[in-house]
Amino acid sequence: MTPGPWWARTRTTGGADPAHAGPSRRGFLGMTAALALGGTGLLTACSGGDSGARVADRHKDGVLRIGVAAAPSNLNPLDSGAEVTRWIAEAVMESLYAYDDQLNSVPLLADGEPQISADQLTWTIRLKTGITWHNGAPFTADDVVATLVHMLDLSAGSEWITYMLGYVQSFEKADDRTVRIVLAKPYGLLRSHLTNLPVTHKDFVTRKDTMMGTGPYKLDTYVPGQSFTMSRFDAYHGGQFRAPFADVPGGAAFKGIEYTVFTDGNTRAISLKQGKIDLITSPAQTTVQKLKEAKELAVTSTVAPLDVLTYVLVAREPFSDENFRKAVAHSMDRDGVLQRVYGGRGTPGQGPIGPGELGHDQALSVYPATPDLAKAKEFLAKATTAKRDFTLTVGASQTARDIAQVLVAGWAKIGLNVRIEQLAGGPWSNKWLSRDYDMLMNTFSSGFTSGPANYLTLAPASSTNVLACGYKNPEVDKAIDTVWQATDPAERTAALRTVDRILAEDAVIFPPLYPELVVAQRTELSPVNPAQLKICRLAPHTLRFTG
Amino acid sequence: MPERPRLRARHLRHLGVAGWTGLVLVLLYLLVATVGRLHGSPTELVTLGPEAPSAAHPFGTDHLGRDLLARTAEGAWTSLWICLTSVGFAVVVGTAIGMTAGYRYGGRLDTLLMRGVETVQALPQFIFVMFVIGLMGTGDMHFGPVTVGNGLRVALAIGVGFVPYFARVARGATVVEMREDYVVNLRGLGVPAREIVFREVLVNVLPPVLGQAFLAMAIAVFAEGGLSFLGLGVPAPHPTLGNLVADAGGQILGDAWWYATLPGTVLVLGILGFNLLGEAYGERDRNRGTRFARSPRGGGTPAVPAVPPKATVTEETT
């Protein structure tokens with residue numbers, strides 16, 4: 001005879017049974033309720049205290065502690081430009097060029113400007129001397145070549161390949177301090193990529209379990225999905241540090257940096273408020289007001305290259321019908337998403353290019369902030385497709401789900417029945433790549449791949465791109481080619497504006513809003529550099545304790 | 001006349017304090033799940049953000065500005081049909097398996113069926129349901145023109161997890177009934193086995209099974225809430241009590257006390273109510289079993305049961 005599950009275990013009338021000794025279900029329920037109440041009270045009582053004293057005491061170890069929302073499963077920063085990877089890698093990895101505070105690309109590991117041939121097809125880059133990797137090996141041209149080889153290896157799975165394929169023909173080590181890159185056609189965006197692509201040691205390009213860089217901090221240990229511990233690299237060359245940090249030997253103010261993963265937004269915010277950490281990324285919208293009210297905390301909200309990627313599959317019904325697309329675009333509750341999901345921190349969307357990105361047109365006004373239902377119904381009446389339903393596939397985050405719910409409620413007012421499908425990153429990307437979707441939506445920040453721009457967001461609008469959504473417009477194709485090839489920033493900006501306007505007017509890419517990038521920090525820490533935040537960088541190695 | 005397992009008004013007094021409390025809680029839950037749905041649309045955006053309870057919105061509004069009473073009611077209704085579907089499925093399938101095994105007690109079919117249900121039972125129930133949902137995903141599944149949503153899959157997954165418990169209870173009760181004199185007599189009179197099983201044995205097997213069904217309802221409400229809380233339940237924007245509580249978790253710092261409290265209270269009403277009611281019903285049934293012989297035709301003979309009554313409830317094993 002076995003006792004069975006606790007819920008099925010009942011008191012018997014047949015006398016005492018030692019196997020059933022213990023609380024009855026009723027007693028168990030009572031105890032649970034009492035423990036829940038008592039525990040809540042105890043936790044509440046314990047959550048107070050002087051956070052300032054705790055921070056002062058904690059700072060004695062010289063370690064900066066940062067709370068992030070997620071951790072990468074693959075630590076190799078050559079494989080991903082997502083902030084989940086790159087925020088961890090910021091103080092560890094460096095690139096040939098870097099952004100200064102005016103967002104100009106300036107040499108970092110490169111020794112000066114690249115020499116570009118007259119036909120613009122050969123770039124020759126000299127490297128700095130005296131730089132060592134965290135393992136003590138000297139930095140040479142072999143490392144840069146190995147990095148480029150990995151990036152262009154189809155089997156390696158680096159997302160950077162989408163930026164380089166078709167343009168980069170070959171590359172070679174000219175000598176220990178010189179790298180030569182040969183292009184198949186002029187590629188103006190190469191400088192941007194060399195400014196964002198981290199360089200790693202030649203023996204570590206395929207490693208997914210560690211980071212080997214030349215930056216001011218080296219990765220010591222990590223617990224997958226939980227924490228990352230870094231210590232100051234004493235042999236750092238000092239290249240990333242300019243005034244006012246040049247007075248600190250080596251430039252780095254902290255003995256170490258620790259990243260801790262708090263997936264729950266409330267836990268991140270409470271840990272910051274209690275002084276357990278110094279800085280948090282992506283505070284939940286609902287916590288921002290509380291964080292702003294706390295005098296020991298500071299919240300920074302910045303216009304940055306942060307997008308709500310919004311794609312419709314023009315190749316199939318119902319979005320193959322332009323009038324249907326316009327009906328959806330006109331009935332999109334942009335202001336509802338902005339106010340309800342982002343607390344007003346952002347701008348209602350129009351075309352694919354936001355205010356934090358090169359080529360944004362502030363004057364572009366195709367769609368109203370609040371739904372124009374009358375106009376939407378007019379377009380819907382003109383639509384030839386009979387479909388009045390579609391699936392909106394969004395990422396797995398609460399933010400993505402909230403955006404979708406607000407939009408779906410708005411579309412219901414013109415009679416559209418929209419089903420929400422939430423998918424994790426991998427399956428979501430597969431839908432995008434296999435072009436198996438009606439409408440796709442997700443948040444994406446491009447600062448670590450494109451700096452103050454977002455070139456990837458335009459890819460589905462190009463008829464020849466692997467991500468093509470089925471939209472065919474020679475003018476757009478030509479403008480996108482110009483964006484990638486032009487070396488003149490003005491020419492590129494003009495092309496970007498053209499693409500932005502056409503895609504908005506044709507209702508091909510019409511995001512609900514352009515959100516701002518928000519971080520929160522303790523005031524005992526120097527303020528995050530707003531210039532670097534504009535390209536999504538926290539630059540933790542440039543901060544210092546102030547109290 | 002023998003007692004039948006129907007919940008007649010005169011039987012309610014046997015429920016006791018706990019049973020009455022459970023009944024009131026369940027009725028409150030059902031009230032919210034039914035009348036509450038008349039309050040408005042659960043998906044319409046009615047305010048700009050979360051608002052405290054008021055006359056217009058008795059439960060307040062959620063973080064996106066939707067009426068929380070309408071959402072709680074819809075969530076309670078959704079939880080209710082998922083739980084009824086899962087428990088109903090488990091009762092039907094579990095009873096069929098258990099009675100078949102009990103009828104063939106000691107035979108190969110009995111062994112085969114009970115080893116089968118024990119295999120399912122080997123996995124903890126919640127883990128089993130998560131395993132099944134994980135395998136199938138949370139998106140809609142299409143079988144030709146038929147679309148199966150995740151709600152039905154959750155209900156069936158929970159139901160499959162319950163089948164072993166009902167099968168064991170039904171088998172135990174069937175084994176006891178099959179040893180009773182009235183069954184032997186009916187067999188001797190040449191009554192077909194099918195008629196004995198469906199017309200005579202089944203009515204005596206059902207009371208302990210239904211007692212467990214109430215308890216299973218409580219677990220099903222809890223399991224559905226837990227799955228939705230983890231994002232494995234019914235997809236947004238359709239509310240369930242679990243995903244309402246999960247969404248409310250993101251508002252802890254926002255002073256929106258009503259957001260987690262009120263849907264959470266309704267969830268507790270359901271779990272606690274069904275639990276207390278199930279226990280009271282089970283106890284009443286056991287008390288009844290000690291006073292009367294269980295033959296539907298036997299005329300209520302004061303009895304010493306053929307086997308101790310506790311063995312007829314949950315403890316019978318192979």
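**Exercise 1. Within which element do Glu293(A) and Lys290(A) both lie, and how many residues apart are they?**

Begin with the secondary structure: Glu293(A) and Lys290(A) both belong to helix α8 (residues 285–293) of chain A, at a spacing of three residues, about one turn of the helix. Helices here are DSSP runs of H or I with at least four residues and strands are runs of E with at least two, numbered from the N terminus.

Next, take the side chains, which meet in a salt bridge with an N to O distance of 4.0 Å; the term requires a side-chain nitrogen of Lys or Arg within 4 Å of a carboxyl oxygen of Asp or Glu.

Finally, compare the accessibilities, for which buried means under 20% relative accessible area, exposed over 50%, and partly exposed in between (1.4 Å probe, protein chains only). Glu293(A) counts as exposed because its relative accessibility is 51%, whereas Lys290(A), with a relative accessible area of 23%, is partly exposed.

The structure is a predicted model, in which local features need pLDDT of at least 70 and side-chain atom pairs count only at pLDDT 80 or more, while totals for chains, interfaces and linings use all residues. Residues are numbered from 1 along each chain as its sequence is written, chains are lettered from A and ligands numbered from 1 in the order in which they are written, and side-chain values use heavy atoms, with hydrogens and water left out.

**Exercise 2. Is Asp110(B), which forms a salt bridge with Arg171(B), buried or exposed?**

The closest N and O atoms of Asp110(B) and Arg171(B) are 2.8 Å apart. This pair links distant parts of the chain, since Asp110(B) sits in helix α3 (residues 108–122) of chain B and Arg171(B) in helix α5 (residues 150–178) of chain B, with their positions 61 residues apart. Asp110(B) is buried, and Arg171(B) is buried as well.

For the wider setting, there are 30 salt bridges over all chains. Among the others, Asp176(A) and Lys173(A) are joined at 3.0 Å, N to O; Asp176(A) is partly exposed at a relative accessible area of 47%, and Lys173(A) is partly exposed at 36%. A network of salt bridges links Arg316(A), Glu421(A), Lys431(A), Asp436(A) and Asp438(A).

**Exercise 3. Which residues have the most contacts inside the largest nonpolar core?**

First fix the term: a nonpolar core is a set of buried Ala, Val, Leu, Ile, Met, Phe, Trp, Tyr and Cys residues joined through side-chain atoms within 4.5 Å. The largest such core has 106 residues, and the most contacts inside it belong to Leu96(A), Ile181(A), Trp411(A) and Met439(A). Helix α12 (residues 398–411) of chain A is its greatest contributor, giving eight residues. At least three residues come from each of domain 2 (100–199) and domain 3 (306–515) of chain A, the bounds being those of an automatic or database domain assignment.

Then follow Trp411(A) outward: with neighbours within four places in sequence set aside, its contacts (heavy atoms within 4.5 Å) are Val328(A), Ser331(A), Met332(A), Phe390(A), Leu392(A), Leu416(A), Val418(A) and Met439(A). A second, separate core has 70 residues, including Val183(B), Leu186(B), Val221(B) and Ala248(B).

**Exercise 4. Which helix gives the most to the nonpolar patch of chain B?**

Helix α4 (residues 125–136) of chain B gives the most, with five residues. The patch covers about 750 Å² of surface, and its members are Leu123(B), Ile127(B), Met130(B), Phe131(B), Leu135(B), Met136(B), Phe229(B) and Leu230(B). Patches are built from residues with over 30% relative accessible area and no salt bridge, like charges being joined within 9 Å and nonpolar side chains (Val, Leu, Ile, Met, Phe, Trp, Tyr) within 5 Å; accessible areas come from the Shrake-Rupley method with a 1.4 Å probe, and for residues only the protein chains shown count as cover.

Leu135(B), a residue of helix α4, counts as exposed because its relative accessibility is 63%. As background, nonpolar side chains tend to be buried together in soluble globular proteins.

**Exercise 5. Where is the cis peptide bond from Glu317(A) to Pro318(A) placed in the chain?**

The bond from Glu317(A) to Pro318(A) has omega near 0°, and Pro318(A) is in the loop between β15 (306–312) and α9 (322–330) of chain A. Another backbone feature is the positive phi, near 65°, of Leu103(A), a residue other than glycine, which is found in the loop between β3 (97–99) and β4 (105–107) of chain A.
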